[in-house]
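User: I am new to this structure and would like a close look at a single part of it. Please take one helix and describe how its residues are placed and paired.

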Amino acid sequence: MKFNCDMIRDLLPLYQDDVCSESSRLIVEEHLRECRACSDFLEELRSSGDIENVIDLEREDALSSQAKFFKRKSAVIGTVFAGIFMLPVVICLIVGLATGGFSWVMIVLAAMFIPASLIAVPLLASENKALWTLSSFSVSLILLLGVCNVLGGGGWFFTAASSALFGLSMFFAPFAVKAKPIASKIKSRKGLSVITLDTILFVVMMLCIGFEQGLGAGYYKLAGAISLPILLWAWALFLCIRYLRVGKALRTAAALGITGVIMMVCNFVFGMSDMSSVFYIEAFGTRAEFSSFPATAVICLIIGAVFALIGVLTGKKRRK
């Protein structure tokens, strides 16, 4: 034998997986024809590989069977809950037929979709449970508002619906964008998508309030003057925190600076000093009074300057 067994056994895993060179393969085969011990070692390698493959397959089958079992169980439980929710609806329909009044039956029917969306939908959905639950809850809530508006003869549906959607978006949108169907499309733009959606729904809400209540042009001017600084402040904070490529201290300084500047502008434009509370400092017989709104703006600017100084000093120290 030209090569010792230790060298050949180092080559056997490569030979078994057929990833060795042609010359190495010929050397291994020549050695195996003469060495019984290395041939037995190769058989052990092959048998251990087969066992690992069998174990992997069995594990995958067990996990798949378990997942199917839980899906079937969830579907059965969800169907049972759906039947339970339908029971009061059927009773209401029977009573409505007997009494001749269907207004309250329609309200009860619409209201039953809300608990169903929170209990039955998560059990029936096989994947993306949170997204399906949030979507069905939002739709059921809007449906209930629509039924109550129609049966009550009120002209407030768009105001209530737009306000409800804006509130739901503020709370649920950060979670909804993490669902696979949405996350795969917006990718790294989750924060930008959330704040854009909130802005659109806020504007729609303000327009619906003015339209349904018939408040006229004066309302839109006042609403725009008050809402625009708030929206600019929210967007400025988001862009600063999300996209400003500096340290945490400098980002904090920028956020405080933006807040202070916007507050000072609002105070100058809208006269917020006249509408805010007043506090005073008295020392050595001298009393100084301050309006809380501009004073808060000045405090934000001072604290922002302190954070900016900390950020600059920290950056210099880090570079050194």
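Analyst:
**A charged network on helix 2**

Glutamate 29 is partly exposed, with a relative accessible area of 24%. Salt bridges with shared partners join this residue, Glu22 and Arg25 into one network. The model is a predicted one, and the values below are computed from it.

The helix in question is helix 2, which covers residues 22-34. Helix 2 has 13 residues and reaches 19 Å from its first C-alpha to its last, close to the 18 Å expected at 1.5 Å a residue.

A search of the whole structure finds two salt bridges. One of them is between glutamate 22 and arginine 25, whose closest N and O atoms are 2.3 Å apart. Both residues lie in helix 2, three residues apart, about one turn of the helix. Arginine 25 also forms a salt bridge with glutamate 29, and here the closest N and O atoms are 2.9 Å apart. This pair, too, lies in helix 2, with a spacing of four residues, about one turn of the helix.

The spacing fits a general rule. An α-helix has 3.6 residues a turn, so residues three or four places apart point the same way. Side chains of opposite charge can pair when their charged atoms come close.

As for exposure, glutamate 22 has 47% relative accessibility and counts as partly exposed. Arginine 25 is partly exposed as well, with a relative accessible area of 23%. Both values fall between the cut-offs of under 20% for buried and over 50% for exposed.

Which residues of helix 2 are buried? They are Ser24, Val28, His31 and Leu32. These residues cover an arc of only 100 degrees around the axis, which puts them on the same side of helix 2.

Histidine 31, found in helix 2, can be looked at more closely. At 4% relative accessibility, histidine 31 counts as buried, since buried means under 20% relative accessible area. What is the distance in space, C-alpha to C-alpha, between histidine 31 and phenylalanine 3? The two are 7.5 Å apart by that count, while 28 residues separate them in sequence.

To put the parts together: helix 2 holds the partly exposed residues Glu22, Arg25 and Glu29, joined into one network by salt bridges that share partners. The buried residues Ser24, Val28, His31 and Leu32 belong to helix 2 too, and they lie on the same side of it.

Methods: Residues numbered from 1 in each chain as written. Predicted model: local features only at pLDDT ≥ 70, side-chain atom pairs only at ≥ 80, totals over all residues. Heavy atoms only, no water. Helix = DSSP H or I, 4+ residues; strand = E, 2+ residues; numbered from the N terminus. Expected span 1.5 Å × (residues − 1). Buried < 20%, exposed > 50% of the residue type's maximum accessible area, 1.4 Å probe, protein only. Arc of directions from axis to C-beta. Salt bridge = Lys/Arg side-chain N within 4 Å of Asp/Glu carboxyl O.
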